[in-house]
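Good morning, colleagues. Please look at the model on the screen while I take you through its enclosed spaces, its domains and a few individual residues.

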Amino acid sequence: MQSYNSFEVAQAQVTAAAKLLNLDRATLDLLLWPQREFTFTLPVRMDNGETRVLHAYRVQHNFARGPAKGGIRFHPDETLDTIRALAGWMTWKTAVANLPLGGSKGGVVCDPRKMSERELERTARAYVRALWPHIGADRDVPAPDVYTNPQTMAWMMDEYETITNRHQPGVMSNKPLALGGSEGRRSATARGGVVVVREACRACGIDPRGDYAIQGFGSNGQRAAILHQEILGGGRLVAASDSSGAVYNPEGMNPIELRNHKLRTGSVNGFSGSEPIDPAEVLELDLAVLYPAALENAVNVGNAERVRARVLCELANGPTTPQADQVLFAKGIHVIPDILANAGGVAASHLEMVQNRSGDYWGEAAVFARLDDTMTRAYHAVHGASRERGIHPRLGAMLVAVARVAQACKLRGWV
Ligand code: NAD
């Protein structure tokens with residue numbers, strides 16, 4: 001399979017949208033590149049007394065619409081180009097959801113699976129000690145990402161507050177509830193994805209109570225499986241896969257029982273009443289809705305022709321390759337692109353920041369109502385732009401996002 005430099009893919013998407021918008025060269029150049037990049041080293045004491053020097057990054061892609069916002073990954077394969085691409089996609093994701101935020105991303109090159117809890121804590125605190133003047137509720141707000149979690153955010157927030165000697169929970173999002181996290185944050189990504197599926201079914205005249213499947217029955221996929229029935233008022237979960245296998249039942253599976261089975265046994269395999277199938281087949285079933293919720297490049301030129309879902313909701317980041325995109329578009333499959341489909345997570349992070357700022361904390365129902373409204377509006381902005389121009393929804397989403405960020409840059413007099 002062809003491998004892609006994600007930063008080049010991200011830049012090509014911006015260029016395509018800029019062309020349709022007739023943006024001038026200076027605006028395009030501004031949007032193609034991050035506004036600020038930090039590359040630094042972290043000397044971290046390991047439990048055996050040795051000091052290891054870890055390489056770290058923070059890329060702040062754009063601040064025109066508000067403070068930058070984006071996750072921090074701890075991953076052995078992190079590169080500056082991956083972080084640049086992801087930072088840019090955060091700019092487009094916050095803009096598509098019309099949040100008053102920019103985009104950023106960070107990472108530390110390390111393998112957390114081989115590190116102790118104390119080593120991870122020292123890494124998290126070292127990251128903040130190196131970067132603290134450049135982050136903050138009004139500058140850049142990190143969140144958890146691959147191999148980081150609310151506990152990582154708690155250590156980072158504590159380090160930041162210790163250095164600045166002020167209570168500032170809004171410096172990080174997706175914190176534990178006890179430290180200023182928001183109700184409803186944990187399920188927000190999946191909830192946002194299901195809300196846009198509901199809108200897509202309405203807009204395209206698809207019966208939402210048809211069959212659906214989840215590729216990647218992890219935290220996001222499990223929540224989407226359950227919320228699909230709750231929010232859409234029905235639907236049959238006929239297949240689900242994870243890294244160890246896939247299960248199928250044409251009569252439908254109870255998503256809560258399947259989640260409990262996975263929590264008990266560690267995989268979807270052997271779920272009562274289901275039969276095992278090849279995980280690749282999950283992507284090729286005749287479905288109303290398919291949720292790719294695992295890793296990048298799941299739908300590629302090798303299988304795109306065989307995808308038969310009417311709606312494909314990209315809960316995962318980058319599950320469809322650029323070539324596969326063209327195939328799905330030609331087949332009339334309604335793709336809900338990742339920057340829209342999984343924007344519910346950052347939309348809820350924004351609500352967490354609002355609550356942190358005001359000190360007024362809301363119940364779950366208030367968070368869900370705001371999230372539903374944000375995602376519904378975002379879907380219709382993208383759907384309208386794609387329909388009007390007859391373009392792929394991924395380009396439609398970029399068109400909406402790039403236009404909003406370009407307008408903010410122009411109003412500021414930057415270009
Ligand atoms: P997770 O690790 O909990 O779940 C991923 C699941 O995918 C696991 O169950 C794993 O077994 C499965 N998987 C791996 N390879 C597979 C394969 N080849 N076939 C089928 N299943 C496979 O991760 P998550 O938090 O649910 O995130 C999933 C995706 O959603 C990622 O792309 C992530 O970037 C994206 N995302 C998550 C959030 C969030 O808030 N959790 C927000 C935005 C985007």
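I begin with a cavity lined by His-334, Val-335, Ile-336, Pro-337, Leu-340, Tyr-379, Val-382, His-383 and Pro-393, the second largest in the structure. What you see is a predicted model, in which local features need pLDDT of at least 70 and side-chain atom pairs count only at pLDDT 80 or more, while totals for chains, interfaces and linings use all residues. Residues are numbered from 1 along each chain as its sequence is written, and side-chain values use heavy atoms, with hydrogens and water left out.

A cavity here is a set of points, on a 1 Å grid over the protein atoms alone, where a 1.4 Å probe fits but cannot get out; lining residues have an atom within 4 Å of a point. Grid points are joined across faces, edges and corners, and a volume is the space filled by probe spheres set on the points. By that reckoning the second largest cavity holds about 40 Å³. Strand S12 (334-336) and helix H13 (364-389) each contribute at least two of its lining residues; helices (H or I, at least four residues) and strands (E, at least two) are DSSP runs, numbered from the N terminus. Its lining comprises seven nonpolar, two polar and no charged residues. For these classes, Ala, Val, Leu, Ile, Met, Phe, Trp, Tyr, Cys and Pro count as nonpolar, Asp, Glu, Lys and Arg as charged, and the others, Gly among them, as polar.

How many cavities of 30 Å³ or more does a search of the whole structure find? The search finds two. The largest has a volume of about 60 Å³. Its lining includes Phe-7, Leu-31, His-61, Arg-84 and Trp-92, and the elements giving two or more residues to it are helix H1 (6-20), helix H2 (25-32) and helix H3 (80-96). Seven nonpolar, three polar and one charged residues make up that lining.

S12 and H13 return in the second largest pocket, where each gives two or more residues to the lining. A pocket is an open set of grid points with protein on both sides within 12 Å along at least five of seven lines. This one has a volume of about 310 Å³. It is lined by 16 residues, of which Cys-204, Gly-332, Ile-333, His-334 and Arg-387 are the closest to its centre. H13 gives the most, with three residues. By class, there are eight nonpolar, five polar and three charged residues.

Turning to the domains, an automatic or database domain assignment sets the bounds, giving domain 1 (33-173) and domain 2 (188-341). Their centres, taken over C-alpha atoms, are 30 Å apart. Four residues from each domain take part in the contact, meaning heavy atoms within 4.5 Å. About 380 Å² is buried between domain 1 and domain 2, with 65% from carbon and sulfur atoms; buried area is the accessible area (1.4 Å probe) that two parts lose on being put together, summed over both.

The rule finds zero salt bridges across this interface, a salt bridge being a side-chain nitrogen of Lys or Arg within 4 Å of a carboxyl oxygen of Asp or Glu. The overall count is 28. One of these salt bridges joins Arg-118 and Glu-121 at 2.4 Å, N to O. Those two residues are separated by about one helical turn, because they lie three residues apart in helix H4 (residues 117-131).

Finally, Ile-231 lies in helix H7 (residues 219-232). Beyond its neighbours within four places in sequence, Ile-231 contacts Arg-191, Val-194, Val-195 and Arg-198.
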